[in-house]
Amino acid sequence: MVPRAGLSRDRVTNEAAVMADEVGLDKVTLAALAERLGVRQPSLYKHMDSLAGLHRSVAIQSQRELGEVLARATVGRSGAGAIHAMSHAYRNWALVHPGRYVASNAVPEPGDIENEAVALEVVQIVADVLTSYRLGGDDAIDAIRAFRSALHGFVSYEASGGFALSADIDRSFERLINGFIIALAHWSEVVDATSADSSE
């Protein structure tokens, strides 16, 4: 075990994030991380107060990384082009960084202002992309939720090997995104139709 010099909170978090991608977030423990870093476990407590604190730091870093990836993908794009670019950037990042992706979806503890703010930044990027569809109020919230759910569901199934049928996965993903874009053009109409049906 060769100690690594210059240990810091950022370095501990970065190493934990890499480890999460390699072995899974659930296997990132303080003991395993200390061994990986070449230090004794008590040394980590100078930078992390607990395992929960470590996972929180990885979650915040991962959310920031995802937000940066999505923001870069959508620069100079709007409408369908922005949705396509964002969707592919989201999927690629999630598949390359499976541990970080799991961490990025962790729900912040109530009152954790920093974590909540970073999580909202990702949501805001999605909201900004959807502004060209002129959705407001609950329509906009519904669209954001549907878009995030569609991406998360697809990526989660793909990452876990859940797509066992022979059809091309890339084609299925394209159809998912194209279907969502078509649905956006009639988003309010669908809500109105549902309301009309329920009132009869």
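**Exercise 1: A residue in α8**

Ile-144 sits in helix α8; find out whether Ile-144 is buried or exposed, and which residues Ile-144 touches beyond four places away in sequence.

*Solution.* Before we start, note that this is a predicted model, in which local features need pLDDT of at least 70 and side-chain atom pairs count only at pLDDT 80 or more, while totals for chains, interfaces and linings use all residues. Residues are numbered from 1 along each chain as its sequence is written, and side-chain values use heavy atoms, with hydrogens and water left out.

- Step 1: The relative accessibility of Ile-144 is 13%, so Ile-144 counts as buried (buried is under 20% relative accessible area, exposed over 50%, partly exposed in between, with a 1.4 Å probe and protein chains only).
- Step 2: Leaving out residues up to four places away in sequence, Ile-144 touches Val-123, Val-126, Ala-127 and Leu-130 (contact means heavy atoms within 4.5 Å).
- Step 3: Take one of these partners, Val-123: 21 residues separate Ile-144 and Val-123 in sequence, and their C-alpha atoms are 7.6 Å apart in space.

**Exercise 2: The whole protein**

How many helices and strands are there in the protein?

*Solution.* Work from the elements to the overall picture.

- Step 1: Count 10 helices and 0 strands (helices, H or I with at least four residues, and strands, E with at least two, are DSSP runs numbered from the N terminus).
- Step 2: Reading along the sequence gives the pattern α-α-α-α-α-α-α-α-α-α.
- Step 3: The C-alpha trace spans about 70 × 45 × 40 Å along the principal axes.
- Step 4: Of the 200 residues in the protein, 38% are buried.
- Step 5: Look at contacts with a separation of 6 or more: residues 24 or more positions apart account for 68% of them.

**Exercise 3: Helix α1 and its surroundings**

Check the span of the 15 residues of α1, and then find which residues of α1 are buried.

*Solution.* Start with the helix itself, then move outwards.

- Step 1: At 1.5 Å a residue, α1 should span 21 Å, and its end C-alpha atoms are 21 Å apart, so the two agree (the expected span is 1.5 Å times one less than the number of residues).
- Step 2: The buried residues in α1 are Val-12, Thr-13, Glu-15, Ala-16, Ala-17, Met-19, Ala-20 and Asp-21.
- Step 3: A helpful rule is that an α-helix has 3.6 residues a turn, so residues three or four places apart point the same way.
- Step 4: The buried residues of α1 pack against α2, α3 (41-44), α4 and α6.
- Step 5: Just after α1 comes Gly-24, with a positive phi of about 105 degrees.
- Step 6: In the segment before α1 you find Leu-7. Leu-7 touches Val-12, Leu-37, Val-39, Leu-44 and His-47, not counting residues up to four places away in sequence. In contrast, Leu-7 and Asp-26, 19 residues apart in sequence, are 23 Å apart from C-alpha to C-alpha.

**Exercise 4: How α1 meets α2**

At roughly how many degrees do the axes of α1 and α2 cross?

*Solution.* Take the angle, then the residues.

- Step 1: The axes of α1 (residues 9-23) and α2 (residues 30-37) come within 11 Å and cross at roughly 105 degrees (axes are lines fitted to C-alpha atoms, for helices over the stretch in contact, with angles from 0 to 180 degrees between N-to-C directions).
- Step 2: The two helices are therefore roughly perpendicular (angles of 65 to 115 degrees count as roughly perpendicular, under 35 as roughly parallel, over 145 as roughly antiparallel, the rest as oblique).
- Step 3: On the α1 side, the contact is made by Val-12, Glu-15, Ala-16, Val-18, Met-19 and Glu-22. On the α2 side, Ala-32, Leu-33, Arg-36 and Leu-37 take part.

**Exercise 5: Helix α5 and its cover**

What covers the buried residues of α5?

*Solution.* Go from span to cover.

- Step 1: Helix α5 (residues 79-96) has 18 residues and should span 26 Å at 1.5 Å a residue; its end C-alpha atoms are 26 Å apart, which agrees.
- Step 2: Among the buried residues of α5 are Ile-83, Met-86, Tyr-90, Arg-91 and Trp-93.
- Step 3: The cover includes α4, α6 (98-104), α7 (113-130), α8 (137-159) and α9 (169-184).

**Exercise 6: Three residues to compare**

Decide for Gln-61, Asn-115 and Arg-134 whether each is buried or exposed.

*Solution.* Take them in turn.

- Step 1: Gln-61 belongs to helix α4 (residues 51-74) and counts as buried at 16% relative accessibility. Its contacts, not counting residues up to four places away in sequence, are Thr-13, Asn-14, Ala-17 and Arg-100.
- Step 2: Asn-115, in helix α7, has a relative accessible area of 5% and is therefore buried. Beyond four places away in sequence, Asn-115 touches Arg-56, Ile-60, Gln-63 and Pro-108.
- Step 3: Arg-134 lies in the loop between α7 and α8, and its relative accessible area of 77% makes Arg-134 exposed. Phi of Arg-134 is near 55 degrees, a positive value in a residue other than glycine.
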